[in-house]
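Please keep the sequence and the structure side by side while you read these points. They are meant to be followed one at a time, with each place found in the model before going on.

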Amino acid sequence: MQLRHRLRLSSPLVSLFPSPISRPVFLPPRLAFGLGSPLARCRRPDCRIGYGPGERRYSVAVGSMESATEARDPAASVADGGSGAPRLSLEELNWDHSFARELPGDPRTDTISRQVLHACYTKVSPSAEVENPELVAWSERTAELLDLDTKEFGRPDFPLIFSGALPLKGGLPYAQCYGGHQFGVWAGQLGDGRAITLGELLNSRGERWELQLKGAGKTPYSRFADGLAVLRSSIREFLCSEAMHGLGIPTTRALCLVTTGKLVNRDMFYDGNSKDEPGAIVCRVAQSFLRFGSYQIHASRGKEDLEIVRTLADYTIRQHFPHKEKMNKSDDLSFKVGGVGSSVVDLTSNKYAAWSVEVAERTASLVASWQGVGFTHGVLNTDNMSVLGLTIDYGPFGFLDAFDPSYTPNTTDLPGRRYCFANQPDIGLWNIGQFTLTLSSAKLISEEEANYAMERYGDKFMDEYQSIMTKKLGLSTYNKQLISTLLNNMAVDKVDYTNFFRLLSNVKADATTPKSELLIPLRAALLDIGPERKEAWTTWVQTYIEELVSSGIPDDERKAAMNSVNPKYVLRNYLCQSAIDAAEQGDYGEVCRLLKLVEHPFDEQPGMEKYARLPPAWAYRPGVCMLSCSS
């Protein structure tokens, strides 16, 4: 069955899919997000956003932090939060391996590279060679999710357990089978080629968490690779997992990072110049690592495996979306799809349709939050899209420095910039199209239900993005023209995305401010602009101040609200590289300092101002501002 995304004529996404979504569609880059992308064309200029306490924010309140320069002793660590939850040893963790228990597994347990048929996973154990593994860094916040006593980080055998050299008592290791579209082309079976799940546990709050070692050795899904990871990429994944959480953006988490003590050969730029690098393993944590590709692989294998799509969908809904099994007609979840002669979609009559809509909405909210902080994932293949709406698989990611909507941090993406910053909203929809097509092929949802899920993606994205941008500017009402002009000015002058929005809170709602003084609060961000561009910015600030005056929000209140959504610190690539350079020489202090920094990105953090500076000249060299997928 071919599905066509049929949207109302008023939808901002109406022109996105001129061809059936069952055929891979290459989306050319839009050169200015907020200007050229169909997703950015606001059709609801009257959208009003307030500052009420019940509103959803993509940021979280953060408290004070200890000195980031203090050395961290794992034996002396104390988990923050004070939730009163039990503090358990590794041997006391409450394991419950639902994935392996409820889903079909591979009868074989060897790691020979092969096609794994009729199975969702293969039981394999970590096999990476280690020699005196060493704990580099750990997250007390993530330990709290697991009820893990942070004193466990100081155990002599902790690095051995989390390098896979020693088994974790009660665990049940396996690698997941999945496929995916890579750069818009179906790639067939992919799977956990170097990630091995240690098992699932339940914490004292009834939350399910999966622990996974990335870089732990070969699996049947490793194909031609060695199943290992290097310190360089592992530091990036560890830090960014926790940085995104600090920003309030849904993400997989990171418990700890260990070195293996062995060298791993890598060709960073795929140019034939490989070199040995320190090996490392990061322990990732998520409520599930299920991806769009987890369902796609079984649908791609024909009728024989279509029932596995249903089985996996049932499992996912039961474990992670249980509210979708408890719907009834009184919930009144019926919606029209399309225009004249449109059909009605009743989500209460099909749990799979209701689930697909929630997956679409979670994905839309996630992408909107990325756009809000200037985050570019870099590799938005369908195997890197979490069904829970989490940021997953941190490879060649990058936060915007100079605002460039066509920026991609992935050297492999350079020819077409499919995954550039401006394209992320459209790519998110394309991936949702592939996900709903999978469910349709398994006859879990109808064509109308699939189209409605994609329509909801577009509406949800616009609602979330408009809300985020309105809050970033400290406004009470969404102003499309004001925001579009701002983004255009930032693109023209390559203005630093993070620093500009942080400084913007210093602008006062004072219409009597002399013209010559309007740009003073933004001077640190508006560098080297000529008279013509200075005039353009002055005009914009004048219009902005008029909006501030009309909103009636006191300056102090607005500044506090803006600073709660505009971070002072983000994990810029050059900061990662500085930590990597030191760590490769055996100094892990900068990794720990960055972790403490990004846990509280909205705080001023006196003494840490250097981490908010613009990138130095060396940061623009290959391997820093842009990376490949090699790790």
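1. Lys 494 sits in the loop that lies between α10 (480-493) and α11 (497-504), and in this predicted model its phi is near 50°, a positive value in a residue other than glycine. With a relative accessibility of 45%, Lys 494 counts as partly exposed, because that class covers values between 20% and 50%.

2. Arg 223 can be read in a similar way, since this residue is not a glycine and yet has a positive phi of about 55°. The loop that holds Arg 223 runs between β7 (208-214) and α4 (231-246), and the relative accessibility of Arg 223 is 44%, so this residue counts as partly exposed.

3. In what order do the five strands of the open sheet stand? The order is β2-β8-β9-β7-β6, and the pairing is antiparallel. At the edges stand β2 (134-138) and β6 (195-202), each of which has a single partner strand, so that one side of each is left without a neighbour in the sheet. From one strand to the next, the twist averages 20°.

4. Within this sheet, it is worth following one pair in detail. Strand β8 (residues 253-266) and strand β9 (residues 275-286) run antiparallel and are joined by ten bridges. To find one place where the pairing can be traced, look at Val 258, whose bridge partner in β9 is Ile 281. As a general point, strands of a sheet pair through backbone hydrogen bonds, in either a parallel or an antiparallel way.

Note on methods:
Residues numbered from 1 in each chain as written. Predicted model: local features only at pLDDT ≥ 70, side-chain atom pairs only at ≥ 80, totals over all residues. Heavy atoms only, no water. Helix = DSSP H or I, 4+ residues; strand = E, 2+ residues; numbered from the N terminus. Buried < 20%, exposed > 50% of the residue type's maximum accessible area, 1.4 Å probe, protein only. Pairing = 2+ DSSP bridges. Axes fitted to C-alpha atoms, helices over the stretch in contact; angles between N-to-C directions.
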